[in-house]
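Trainee: Hi! Could you walk me through this structure?
Mentor: Sure, ask away.

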Amino acid sequence: MDVHKFLKPYRVDHGDRFRLKDIDPRDTNDFASKEHAQELLRAGVERLAELQDKLYAQDCWALLLIFQALDAAGKDGTIKHVMSGINPQGCQVYSFKAPSAEELDHDYLWRTTRCLPERGRIGIFNRSYYEEVLVVKVHPEILNAQHLPTSVVSKDLWKERYEDISNFEQYLGRNGIAVRKFFLHVSKDEQRERFLERLTIPEKNWKFSMADVKERNCWDDYQAAYEEAIRHTATPQAPWYVVPADHKWFTRVVVAGAVIDALEELDLGYPKVDATTREELKLVRSELEREGGNEKKKRKKRKTKS
(Lines give C-alpha, C1' and ligand atoms only; values in the text may rest on other atoms or scores of the structure.)
Protein backbone atom coordinates (compact mmCIF):
# COMPACT_ATOMS: atom_id res chain seq x y z
CA MET A 1 0.00 0.00 0.00
CA ASP A 2 1.22 3.49 -0.89
CA VAL A 3 1.16 5.16 2.54
CA HIS A 4 1.46 8.72 1.20
CA LYS A 5 -1.45 8.19 -1.17
CA PHE A 6 -3.52 6.57 1.57
CA LEU A 7 -2.91 9.42 4.04
CA LYS A 8 -3.27 12.30 1.59
CA PRO A 9 -7.06 12.83 2.01
CA TYR A 10 -6.64 13.25 5.76
CA ARG A 11 -3.42 15.24 6.01
CA VAL A 12 -3.65 19.03 6.26
CA ASP A 13 -0.38 20.86 5.56
CA HIS A 14 -1.90 24.22 4.69
CA GLY A 15 -5.17 25.23 6.26
CA ASP A 16 -6.23 28.07 3.96
CA ARG A 17 -8.88 26.03 2.15
CA PHE A 18 -9.59 23.47 4.85
CA ARG A 19 -13.24 22.74 5.63
CA LEU A 20 -14.17 20.16 8.21
CA LYS A 21 -17.32 19.24 6.30
CA ASP A 22 -15.15 17.98 3.43
CA ILE A 23 -14.07 14.97 5.50
CA ASP A 24 -16.73 12.35 6.19
CA PRO A 25 -16.46 10.81 9.70
CA ARG A 26 -17.83 7.56 8.21
CA ASP A 27 -15.14 7.29 5.53
CA THR A 28 -13.20 4.01 5.28
CA ASN A 29 -11.21 4.77 2.12
CA ASP A 30 -12.80 1.89 0.19
CA PHE A 31 -11.21 -0.73 2.44
CA ALA A 32 -12.28 -4.20 1.37
CA SER A 33 -13.06 -5.28 4.92
CA LYS A 34 -12.48 -4.62 8.60
CA GLU A 35 -10.32 -7.76 8.68
CA HIS A 36 -8.04 -6.34 5.98
CA ALA A 37 -7.59 -3.17 8.01
CA GLN A 38 -6.76 -5.19 11.12
CA GLU A 39 -4.11 -7.13 9.19
CA LEU A 40 -2.55 -3.85 8.10
CA LEU A 41 -2.66 -2.56 11.66
CA ARG A 42 -0.79 -5.63 12.93
CA ALA A 43 1.88 -5.14 10.26
CA GLY A 44 1.98 -1.44 11.09
CA VAL A 45 2.49 -2.11 14.79
CA GLU A 46 5.48 -4.34 13.96
CA ARG A 47 6.98 -1.72 11.65
CA LEU A 48 6.40 0.95 14.27
CA ALA A 49 8.30 -1.12 16.85
CA GLU A 50 11.29 -1.39 14.48
CA LEU A 51 11.36 2.35 13.84
CA GLN A 52 10.95 3.20 17.50
CA ASP A 53 13.94 0.99 18.34
CA LYS A 54 16.07 2.97 15.89
CA LEU A 55 14.72 6.28 17.21
CA TYR A 56 15.71 5.27 20.75
CA ALA A 57 19.14 4.00 19.70
CA GLN A 58 19.98 7.04 17.53
CA ASP A 59 19.01 9.40 20.35
CA CYS A 60 18.75 12.49 18.12
CA TRP A 61 15.11 13.03 17.21
CA ALA A 62 11.96 12.93 19.31
CA LEU A 63 8.39 12.59 18.06
CA LEU A 64 5.43 14.37 19.63
CA LEU A 65 1.97 13.03 18.82
CA ILE A 66 -0.99 15.22 19.78
CA PHE A 67 -4.49 13.76 19.98
CA GLN A 68 -7.56 15.97 20.07
CA ALA A 69 -11.21 14.97 19.76
CA LEU A 70 -14.69 15.40 21.09
CA ASP A 71 -15.88 12.99 23.78
CA ALA A 72 -16.19 9.30 22.80
CA ALA A 73 -14.20 9.71 19.57
CA GLY A 74 -11.79 6.95 20.62
CA LYS A 75 -8.54 8.68 21.59
CA ASP A 76 -7.66 6.26 24.40
CA GLY A 77 -8.39 3.16 22.35
CA THR A 78 -6.46 4.46 19.37
CA ILE A 79 -3.40 5.20 21.48
CA LYS A 80 -3.66 1.77 23.14
CA HIS A 81 -3.91 -0.21 19.89
CA VAL A 82 -1.50 1.75 17.69
CA MET A 83 1.22 1.92 20.33
CA SER A 84 0.75 -1.67 21.55
CA GLY A 85 4.11 -2.86 20.17
CA ILE A 86 6.18 0.05 21.48
CA ASN A 87 8.89 -0.42 24.09
CA PRO A 88 7.52 1.39 27.19
CA GLN A 89 10.98 2.78 27.90
CA GLY A 90 10.81 4.84 24.72
CA CYS A 91 7.27 6.19 25.01
CA GLN A 92 5.62 8.70 27.34
CA VAL A 93 1.87 9.41 27.52
CA TYR A 94 0.37 12.47 29.21
CA SER A 95 -3.31 13.29 29.57
CA PHE A 96 -4.22 16.92 30.16
CA LYS A 97 -7.47 17.71 31.90
CA ALA A 98 -8.67 20.97 33.49
CA PRO A 99 -5.61 22.96 34.65
CA SER A 100 -4.69 23.02 38.33
CA ALA A 101 -4.27 26.19 40.40
CA GLU A 102 -0.50 25.95 39.94
CA GLU A 103 -0.86 25.59 36.16
CA LEU A 104 -3.22 28.56 35.97
CA ASP A 105 -0.50 30.69 37.55
CA HIS A 106 1.68 30.04 34.50
CA ASP A 107 1.33 30.67 30.79
CA TYR A 108 -0.83 28.07 29.04
CA LEU A 109 2.12 26.35 27.33
CA TRP A 110 3.93 25.76 30.63
CA ARG A 111 2.27 22.53 31.72
CA THR A 112 2.70 20.80 28.36
CA THR A 113 6.24 22.09 27.76
CA ARG A 114 7.37 20.30 30.93
CA CYS A 115 6.19 17.02 29.39
CA LEU A 116 7.88 17.23 25.99
CA PRO A 117 9.65 13.99 25.00
CA GLU A 118 13.40 13.64 25.35
CA ARG A 119 15.53 12.76 22.35
CA GLY A 120 15.01 9.19 21.27
CA ARG A 121 11.46 8.99 22.59
CA ILE A 122 7.88 9.25 21.42
CA GLY A 123 5.71 11.59 23.46
CA ILE A 124 1.92 11.39 23.33
CA PHE A 125 -0.36 14.20 24.45
CA ASN A 126 -3.93 13.07 25.07
CA ARG A 127 -5.37 16.57 24.70
CA SER A 128 -2.87 19.41 24.78
CA TYR A 129 -2.28 23.14 24.60
CA TYR A 130 -4.87 23.14 21.81
CA GLU A 131 -7.53 23.11 24.52
CA GLU A 132 -6.72 26.82 24.86
CA VAL A 133 -8.19 27.53 21.42
CA LEU A 134 -10.92 24.90 21.63
CA VAL A 135 -12.57 24.53 25.06
CA VAL A 136 -11.58 28.04 26.11
CA LYS A 137 -12.90 29.48 22.86
CA VAL A 138 -16.22 27.67 23.24
CA HIS A 139 -16.39 28.67 26.92
CA PRO A 140 -14.64 32.06 27.05
CA GLU A 141 -15.60 32.49 30.71
CA ILE A 142 -12.69 30.14 31.45
CA LEU A 143 -10.37 33.03 30.63
CA ASN A 144 -11.42 34.67 33.89
CA ALA A 145 -9.65 31.93 35.85
CA GLN A 146 -6.38 32.50 33.99
CA HIS A 147 -5.67 35.85 35.68
CA LEU A 148 -4.53 37.43 32.44
CA PRO A 149 -3.91 41.17 32.36
CA THR A 150 -6.91 42.86 30.79
CA SER A 151 -4.63 44.57 28.27
CA VAL A 152 -3.74 41.24 26.60
CA VAL A 153 -7.32 39.96 26.34
CA SER A 154 -8.27 41.67 23.11
CA LYS A 155 -10.33 40.85 20.03
CA ASP A 156 -7.13 39.40 18.54
CA LEU A 157 -6.64 36.88 21.36
CA TRP A 158 -7.43 33.77 19.31
CA LYS A 159 -5.41 34.94 16.32
CA GLU A 160 -2.46 35.58 18.63
CA ARG A 161 -2.78 32.16 20.23
CA TYR A 162 -2.81 30.46 16.83
CA GLU A 163 0.38 32.37 15.97
CA ASP A 164 2.02 31.45 19.28
CA ILE A 165 1.19 27.77 18.85
CA SER A 166 2.49 27.72 15.27
CA ASN A 167 5.69 29.46 16.33
CA PHE A 168 6.11 27.04 19.23
CA GLU A 169 5.75 24.03 16.95
CA GLN A 170 8.22 25.53 14.51
CA TYR A 171 10.63 25.95 17.41
CA LEU A 172 10.17 22.30 18.38
CA GLY A 173 10.91 21.15 14.84
CA ARG A 174 14.06 23.26 14.72
CA ASN A 175 15.20 21.56 17.92
CA GLY A 176 14.68 17.99 16.78
CA ILE A 177 11.11 17.32 17.96
CA ALA A 178 8.88 16.32 15.06
CA VAL A 179 5.20 17.12 15.64
CA ARG A 180 2.14 15.31 14.28
CA LYS A 181 -1.40 16.28 15.30
CA PHE A 182 -4.54 14.17 15.08
CA PHE A 183 -8.17 15.25 15.26
CA LEU A 184 -10.38 12.18 15.55
CA HIS A 185 -13.44 13.32 13.65
CA VAL A 186 -16.53 11.54 14.98
CA SER A 187 -20.08 12.28 13.82
CA LYS A 188 -22.79 13.49 16.18
CA ASP A 189 -24.87 10.35 15.50
CA GLU A 190 -21.97 8.03 16.31
CA GLN A 191 -21.17 9.97 19.48
CA ARG A 192 -24.78 9.48 20.61
CA GLU A 193 -24.52 5.72 20.02
CA ARG A 194 -21.31 5.50 22.01
CA PHE A 195 -22.82 7.53 24.85
CA LEU A 196 -25.81 5.17 24.91
CA GLU A 197 -23.45 2.20 25.03
CA ARG A 198 -21.67 3.71 28.02
CA LEU A 199 -25.00 4.25 29.77
CA THR A 200 -26.34 0.79 28.94
CA ILE A 201 -23.37 -1.48 29.69
CA PRO A 202 -22.54 -1.47 33.44
CA GLU A 203 -18.83 -2.05 32.81
CA LYS A 204 -18.74 1.16 30.76
CA ASN A 205 -20.77 3.39 33.08
CA TRP A 206 -17.58 4.82 34.57
CA LYS A 207 -16.66 6.33 31.20
CA PHE A 208 -19.70 8.60 31.15
CA SER A 209 -19.80 12.05 32.70
CA MET A 210 -22.69 14.50 32.91
CA ALA A 211 -20.24 17.06 31.53
CA ASP A 212 -20.28 15.05 28.29
CA VAL A 213 -23.92 16.01 27.74
CA LYS A 214 -23.14 19.67 28.42
CA GLU A 215 -20.34 19.67 25.87
CA ARG A 216 -22.52 17.83 23.32
CA ASN A 217 -24.93 20.76 23.45
CA CYS A 218 -22.06 22.91 22.12
CA TRP A 219 -21.48 20.63 19.11
CA ASP A 220 -21.63 23.31 16.42
CA ASP A 221 -19.37 25.64 18.39
CA TYR A 222 -16.77 22.89 18.75
CA GLN A 223 -16.93 22.04 15.06
CA ALA A 224 -16.23 25.69 14.24
CA ALA A 225 -13.45 25.91 16.83
CA TYR A 226 -11.70 22.81 15.48
CA GLU A 227 -11.96 24.03 11.91
CA GLU A 228 -10.43 27.39 12.82
CA ALA A 229 -7.66 25.83 14.90
CA ILE A 230 -6.68 23.43 12.12
CA ARG A 231 -6.85 26.12 9.46
CA HIS A 232 -4.51 28.41 11.39
CA THR A 233 -1.97 25.88 12.74
CA ALA A 234 -1.53 23.31 9.95
CA THR A 235 1.97 23.46 8.45
CA PRO A 236 4.13 21.03 6.45
CA GLN A 237 6.41 20.69 9.48
CA ALA A 238 3.57 20.09 11.95
CA PRO A 239 0.61 18.81 9.93
CA TRP A 240 -2.82 17.88 11.16
CA TYR A 241 -4.47 14.58 10.33
CA VAL A 242 -8.26 14.82 10.37
CA VAL A 243 -9.09 11.16 10.89
CA PRO A 244 -12.56 9.72 10.24
CA ALA A 245 -13.53 8.22 13.60
CA ASP A 246 -16.93 6.57 13.19
CA HIS A 247 -15.18 3.23 12.53
CA LYS A 248 -12.53 2.67 15.20
CA TRP A 249 -10.70 0.03 13.17
CA PHE A 250 -10.19 2.52 10.35
CA THR A 251 -9.13 5.32 12.69
CA ARG A 252 -6.35 3.13 14.05
CA VAL A 253 -5.01 2.25 10.60
CA VAL A 254 -4.81 5.91 9.58
CA VAL A 255 -3.05 6.93 12.80
CA ALA A 256 -0.60 4.03 12.58
CA GLY A 257 0.21 4.94 8.97
CA ALA A 258 0.79 8.58 9.89
CA VAL A 259 3.11 7.72 12.78
CA ILE A 260 5.12 5.32 10.62
CA ASP A 261 5.33 7.93 7.88
CA ALA A 262 6.58 10.54 10.37
CA LEU A 263 9.31 8.25 11.69
CA GLU A 264 10.42 7.20 8.21
CA GLU A 265 10.87 10.86 7.28
CA LEU A 266 13.51 11.19 10.03
CA ASP A 267 16.03 8.91 8.28
CA LEU A 268 16.60 6.83 11.41
CA GLY A 269 19.37 4.30 11.84
CA TYR A 270 21.42 2.52 14.44
CA PRO A 271 24.56 4.39 15.57
CA LYS A 272 27.77 3.33 13.81
CA VAL A 273 30.95 2.80 15.82
CA ASP A 274 34.34 4.08 14.74
CA ALA A 275 37.29 1.91 13.70
CA THR A 276 38.92 1.99 17.13
CA THR A 277 35.76 0.84 18.84
CA ARG A 278 35.25 -1.91 16.26
CA GLU A 279 38.70 -3.29 17.05
CA GLU A 280 37.91 -3.21 20.76
CA LEU A 281 34.66 -5.06 20.12
CA LYS A 282 36.53 -7.72 18.13
CA LEU A 283 38.91 -8.28 21.04
CA VAL A 284 36.04 -8.61 23.50
CA ARG A 285 34.22 -10.99 21.18
CA SER A 286 37.36 -13.15 20.79
CA GLU A 287 37.81 -13.26 24.55
CA LEU A 288 34.19 -14.31 25.12
CA GLU A 289 34.40 -16.97 22.40
CA ARG A 290 37.65 -18.27 23.91
CA GLU A 291 36.02 -18.35 27.32
CA GLY A 292 33.09 -20.27 25.88
CA GLY A 293 35.44 -22.80 24.24
CA ASN A 294 37.26 -23.36 27.52
CA GLU A 295 33.98 -23.94 29.34
CA LYS A 296 32.95 -26.53 26.75
CA LYS A 297 36.27 -28.39 27.20
CA LYS A 298 35.83 -28.41 31.00
CA ARG A 299 32.29 -29.78 30.74
CA LYS A 300 33.44 -32.47 28.31
CA LYS A 301 36.31 -33.42 30.62
CA ARG A 302 33.99 -33.67 33.66
CA LYS A 303 31.56 -35.78 31.64
CA THR A 304 34.36 -38.17 30.59
CA LYS A 305 35.52 -38.64 34.22
CA SER A 306 32.00 -39.39 35.37
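Trainee: Where is V152 placed?
Mentor: V152 sits in the loop between α6 (135-138) and α7 (157-174). Helices (H or I, at least four residues) and strands (E, at least two) are DSSP runs, numbered from the N terminus. One thing to know early: this is a predicted model, where local features need pLDDT of at least 70 and side-chain atom pairs count only at pLDDT 80 or more, while totals for chains, interfaces and linings use all residues. Residues are numbered from 1 along each chain as its sequence is written, and side-chain values use heavy atoms, with hydrogens and water left out.

Trainee: Is V152 buried or exposed?
Mentor: In between: V152 counts as partly exposed, at 39% relative accessibility. Buried means under 20% relative accessible area, exposed over 50%, and partly exposed in between (1.4 Å probe, protein chains only).

Trainee: Which residues form a nonpolar patch with V152?
Mentor: L148 and V153 join V152 there, and together they have about 200 Å² of accessible area on the surface. Patches are made of residues with over 30% relative accessible area and no salt bridge; like charges are joined within 9 Å, nonpolar side chains (Val, Leu, Ile, Met, Phe, Trp, Tyr) within 5 Å. The areas come from the Shrake-Rupley method with a 1.4 Å probe, and for residues only the protein chains shown count as cover.

Trainee: Okay, salt bridges then. How many are there?
Mentor: The whole structure has 22 salt bridges. Each is a side-chain nitrogen of Lys or Arg within 4 Å of a carboxyl oxygen of Asp or Glu. Take E265 and R11, whose closest N and O atoms are 3.9 Å apart. E265 lies in the loop between α11 (248-264) and α12 (275-305) and R11 in strand β1 (residues 11-12), so this bridge ties together parts that are 254 residues apart in sequence.

Trainee: Which residues are linked in a network with those two?
Mentor: D13, R180 and D261 are linked with R11 and E265 in a network of salt bridges.

Trainee: And what does E228 form a salt bridge with?
Mentor: With R231, and the closest N and O atoms are 3.7 Å apart. E228 and R231 are 3 residues apart in helix α10, so about one helical turn separates them. E228 is partly exposed at 23% relative accessibility, and R231 is partly exposed at 25%.

Trainee: Which residues of α10 are buried?
Mentor: Among them are W219, Y222, A225 and I230.

Trainee: New topic: how many aromatic pairs are there?
Mentor: The count is 16 aromatic pairs. Rings of Phe, Tyr and Trp (its six-membered ring) pair if their centres lie within 6.5 Å; planes under 30 degrees apart count as stacked, over 60 as edge-to-face and the rest as tilted. The rings of F96 and F125 have centres 5.1 Å apart and planes at 80°, so that pair is edge-to-face. F96 is in the loop between β3 (91-95) and α4 (101-104), while F125 is in strand β4 (residues 122-126), 29 residues apart. Both F96 and F125 are buried.

Trainee: Which residues do ring pairs link into a cluster?
Mentor: That cluster holds F6, Y10, F31, W249 and F250.

Trainee: Last one: how many disulfides?
Mentor: The count is 0 disulfides, where a disulfide is a pair of cysteine sulfur atoms within 2.5 Å. For C60, the nearest cysteine sulfur is that of C91, 19 Å away.
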